[in-house]
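Here are my notes after a pass through this one, jotted down point by point. Have a look at the model alongside them.

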Amino acid sequence: MKQFSILAVAILVFVGIGSCQSTTHKFTIVKSDAEWKKQLSNEAYLVTRKEGTETAYTGAYWDNHQKGVYRCICCDLELFSSATKFDSGTGWPSFWKPINKNAVLEENDNAFGIQRTKVTCSRCGAHLGHVFEDGPKPTGLRYCINSVSLKFVKN
C-alpha cells in the first residue's frame with residue numbers, strides 16, 4: 001500500500017485593499033518529484049509541477065465540444081464540467097466556473113511582472129492555469145486551463 005505524506009501550505013486570501021486573512025490548506029496527495037515524473041508525461045510534469053504553460057492551440061482540449069468532465073491529470077479530482085466550457089478564442093480550454101468551488105485554489109501570481117490569479121488543484125496542488133475577470137455571464141470569469149493538466153471523461 002502506497003503512503004502519501006500531507007503538506008500544509010499557507011494561502012493568503014486578500015479581501016479588499018490592504019486586508020488579508022491567512023488560511024492553511026492541506027493537500028491530501030503529495031508525492032516526490034521522482035514520483036510525479038514517473039506518473040506524468042514530460043509536458044504534464046512541467047506544467048503541473050513547475051508551473052509551465054503549454055503553447056496555445058496545441059492542447060488536446062482547447063477545441064473539445066464533447067459532453068463530460070475534466071479531471072486533474074495528477075490526482076483525478078473532478079475540476080470542470082463541459083457545461084461551463086466556452087470558446088474564449090485564446091487557444092486554451094476555458095470555463096466560467098469550476099465543478100465545485102472547493103475543487104480549485106486561487107492565489108495571486110505576479111510572475112513576469114503581470115498581476116494574475118493562478119489556479120491549482122485543491123487535492124494535489126497541480127498548477128492548472130489562471131483565472132481572469134473577462135469571461136461570460138453568469139460569473140464573468142474565465143478559467144484558462146492547460147489541456148495537459150486535465151483528463152477528459154465523456155458522460
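The points below take up the salt bridges, the small sheet, one helix and a few backbone oddities.

1. First, a reminder that this is a predicted model. Please read everything below with that in mind.

2. Let's start with charge pairs. Side chains of opposite charge can pair when their charged atoms come close. Here the count comes to seven salt bridges. The one I would look at to begin with is Glu51 with Lys118, whose closest N and O atoms are 2.8 Å apart. This pair ties together distant parts of the chain, with the two positions 67 residues apart in numbering: Glu51 sits in the loop between α2 (42-50) and β3 (68-72), while Lys118 belongs to strand β8 (residues 116-121). Which partner is buried and which is partly exposed? Lys118 is the buried one, at 12% relative accessible area, whereas Glu51 is partly exposed at 43%.

3. Asp134 and Arg142 make another salt bridge, again with the closest N and O atoms 2.8 Å apart. The burial pattern is worth a glance: Asp134 comes out at 49% relative accessibility, so it counts as partly exposed, and Arg142 counts as buried because its value is 11%, under the 20% cut-off.

4. Then there is a network. Arg71, Asp76, Glu78 and Lys151 are joined into one by salt bridges that share partners. One of the links is Asp76 to Arg71, with 3.5 Å between the closest N and O atoms. Asp76 is partly exposed, its relative accessible area being 31%.

5. Now the sheet. How are its strands ordered? The order is β4-β3-β11, an open sheet of three strands with antiparallel pairing. β4 (78-81) and β11 (150-154) are the edge strands; each has a single partner, so one side of each lacks a neighbour in the sheet. From one strand to the next, the twist averages 30°. The antiparallel strands β3 and β4 are joined by three bridges, and Tyr70 stands opposite Phe80 in β4.

6. On helix α2, the buried residues are Ala44, Tyr45, Val47, Thr48 and Arg49. What do they pack against? Their neighbours are α1 (33-39) and β9 (127-132). Two of these residues, Thr48 and Arg49, also touch Gly125, which, leaving aside neighbours within four places in sequence, is in contact with Phe27 and Thr120 as well. Gly125 itself lies in the loop between β8 and β9 and is partly exposed, with a relative accessible area of 22%. For another view of that spot, its C-alpha is 9.0 Å from that of Cys74, although the two are 51 residues apart in sequence.

7. Last, some backbone geometry to check by eye. Most residues other than glycine have a negative phi, and most peptide bonds are trans. Glu51, the salt-bridge partner from point 2, has a positive phi of about 60° just after α2. Tyr57 also has a positive phi, near 65°. Tyr57 lies in the loop between α2 and β3 and is partly exposed, at 43% relative accessible area. As for the peptide bonds, the one joining Lys137 and Pro138 is cis, with omega about 15°. Pro138 is placed in the loop between β9 and β10 (142-145).

Key:
Residues numbered from 1 in each chain as written. Predicted model: local features only at pLDDT ≥ 70, side-chain atom pairs only at ≥ 80, totals over all residues. Heavy atoms only, no water. Salt bridge = Lys/Arg side-chain N within 4 Å of Asp/Glu carboxyl O. Helix = DSSP H or I, 4+ residues; strand = E, 2+ residues; numbered from the N terminus. Buried < 20%, exposed > 50% of the residue type's maximum accessible area, 1.4 Å probe, protein only. Pairing = 2+ DSSP bridges. Axes fitted to C-alpha atoms, helices over the stretch in contact; angles between N-to-C directions. Contact = heavy atoms within 4.5 Å.
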